[in-house]
Amino acid sequence: MFRIGMLTSGGDCQALNAAMRGVVKGLAANVKDLEVYGFFNGYKGLIYGDYRLLTNQDFSGILTRGGTILGSSRQPFKLMREPDENGLDKVEAMKSNYYKLNLQCLVILGGNGTQKTANLLREEGLNIIHLPKTIDNDIYGTDFTFGFQSAIDIACNTIDCIHTTASSHSRVFIVEVMGHKVGWLTLYAGVASGADIILLPEIPYDIKKVIKAINRRAEEGKGFTILAVAEGAISKEDAKLSKKEYKKKLETSKFPSVSYEIADRIQKETGIEARVTVPGHMQRGGSPDPYDRVLCTRLGSAAAQAIMDGDYGNMIAMVDGKTKRVPLEKVAGKLKMVEPDCQMIQEAKRIGISFGD
Ligand code: F6P
């Protein structure tokens, strides 16, 4: 009997199902009497014993299906060591369910927070394999996370659509792109769709420079301007505030997000009509693109091999085009951010894209 558990945790994304399928197909073809237990809704299922024995049928036809067949939830890492409202010790409960089922290992698909809890469970003695999921691409130790490329497609399509209407109406358009505290998705979607200005959390912007770039385009006869703005973009002034002060500023702001504040300022100072479009969770939805399908099939298959080798405690990463086992203890808790002077930013600046700095 070869028995494993599996769960998907944190914000969902495309290709979670593709990755689970890769793991299960890789094992099913090579081990006898495989049993796969799926825990529902992330760590919640592991804590409260909400699981089911999955069948081959569950993994059939899911390569192209978005979301996750197991469901997901956010269980903040910082609360993992705290008892729940009924006094239940969550870590002990997770261990107990793992041992009760006599699992050989637990495959955990998730982003940064999920990875920290995966590492905690590893420290507690559980055999863990982590697969790096997130549209934000902010997991340290892997070149790309799954979901990222599919989300670029969606953000890019949005900006493409906005481009034509912005041009017809000579408007400034801000497309607010997801990414939490990092700018990978905005950078790639912005470059891919020919955005004129790209604002990232890693490069605090000077609103005067943003306005100057828009005015320059107007002087050149370009009546419209497209800005790709990361949801976590921050001005140079705000970057000087403490975390607490900035949080308070956002909470008390009359604007729903930083994009609207930027649009307001642009409209007032340039006299050009400025609009905001927020594709939001669309960026996490729908089918995985072919790149993510391939990435997840490879990561899943590599995870299956790691499991058969009994080599646990790793994230299965993609580094320089090759799958790689990266020890969780080396990466958990680290965030991969865009480096402000990296080659891609320099190249983007060379062709005239402004980062507002
Ligand atoms: O981590 C993925 C992500 O989509 C981020 O880009 C975004 O900030 C966050 O999740 C949104 O989370 P929720 O779905 O909980 O609102």
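Two strands are said to pair if DSSP finds at least two bridges between them, and helices (H or I, at least four residues) and strands (E, at least two) are themselves DSSP runs, numbered from the N terminus. The structure described here is a predicted model, in which local features need pLDDT of at least 70 and side-chain atom pairs count only at pLDDT 80 or more, while totals for chains, interfaces and linings use all residues. Residues are numbered from 1 along each chain as its sequence is written.

## The chain as a whole

The chain contains 13 helices and 12 strands. Its radius of gyration, which is taken over C-alpha atoms, is 22 Å, close to the 21 Å that the globule rule (2.2 Å times the number of residues to the power 0.38) gives for 357 residues, so the chain is as compact as a globular protein of that length. Along the principal axes, the C-alpha atoms fill a box of roughly 70 × 40 × 30 Å.

A residue is called buried if 20 or more other C-beta atoms lie within 10 Å of its own, exposed if 12 or fewer do, and partly exposed in between, with C-beta atoms placed from the backbone. By this count, 47% of the 357 residues are buried. Two residues are in contact if their C-beta atoms, placed from the backbone, lie within 7 Å, and of the contacts in the chain with a separation of 6 or more, 76% come from residues 24 or more positions apart.

The chain is divided into domain 1 (1–144 + 287–328) and domain 2 (149–282), with bounds that come from an automatic or database domain assignment. The centres of the two domains, taken over C-alpha atoms, are separated by 34 Å, and 12 residues of domain 1 are in contact with 10 residues of domain 2.

## Two sets of paired strands

Strands of a sheet pair through backbone hydrogen bonds, either parallel or antiparallel. Strand β7 (residues 172–177) runs parallel to β10 and is joined to it by 4 bridges, and Ile174 has Val276 in β10 as its bridge partner. These strands belong to an open sheet of 4 strands in the order β8-β9-β7-β10, with parallel pairing. At its edges are β8 (197–199) and β10 (274–277), each of which pairs on one side only, and the twist averages 20° from one strand to the next. Helix α6 (residues 184–192) packs on this sheet, where it touches β7, β8 and β9 (225–230), and its direction makes about 160° with that of β9; such angles run from 0 to 180 degrees between N-to-C directions, and the axes are lines fitted to C-alpha atoms, for helices over the stretch in contact.

Strand β4 has partners of its own, for 5 bridges join β1 to β4 in a parallel run, and β4 also pairs with β5 (residues 128–134) in the parallel sense over 5 bridges. Met6 stands opposite Val107 in β4, while the bridge partner of Gly110 in β5 is Pro132. Because 6 of the 6 residues of β4 are buried, the strand is largely enclosed by the rest of the structure. In a regular strand the side chains alternate between the two faces of the sheet. In β4, Cys105, Val107 and Leu109 point one way and Leu106, Ile108 and Gly110 the other way.

## The annotated binding site

The UniProt annotation "binding site", from an unreviewed entry, covers Gly11, Arg74, Gln75, Gly111, Asn112, Gly113 and Thr114. Although these residues are spread over 104 residues of sequence, they cluster in space, with a largest C-alpha distance of 11.7 Å. UniProt positions are given in the numbering used here, feature names are shortened, and annotations may be inferred rather than shown by experiment.

Gly11 lies in the loop between β1 (2–8) and α1 (16–28), and, leaving aside its neighbours within four places in sequence, Gly11 is in contact with Gly111 and Arg284. Gln75 is placed in the loop between β3 (51–54) and α3 (90–100), and its contacts, with the neighbours within four places in sequence again left aside, are Ser9, Gly42, Tyr43, Lys44 and Met80.

## Burial of four loop residues

| Residue | C-beta neighbours within 10 Å | Class |
|---|---|---|
| Gly11 | 20 C-beta atoms | buried |
| Gln75 | 20 C-beta atoms | buried |
| Asn102 | 9 C-beta atoms | exposed |
| Asp320 | 6 C-beta atoms | exposed |

Asn102, in the loop between α3 and β4 (105–110), has a phi near 55°, a positive value in a residue other than glycine. Asp320, in the loop between β11 (314–319) and β12 (322–327), has a positive phi of about 50° although it is not a glycine.
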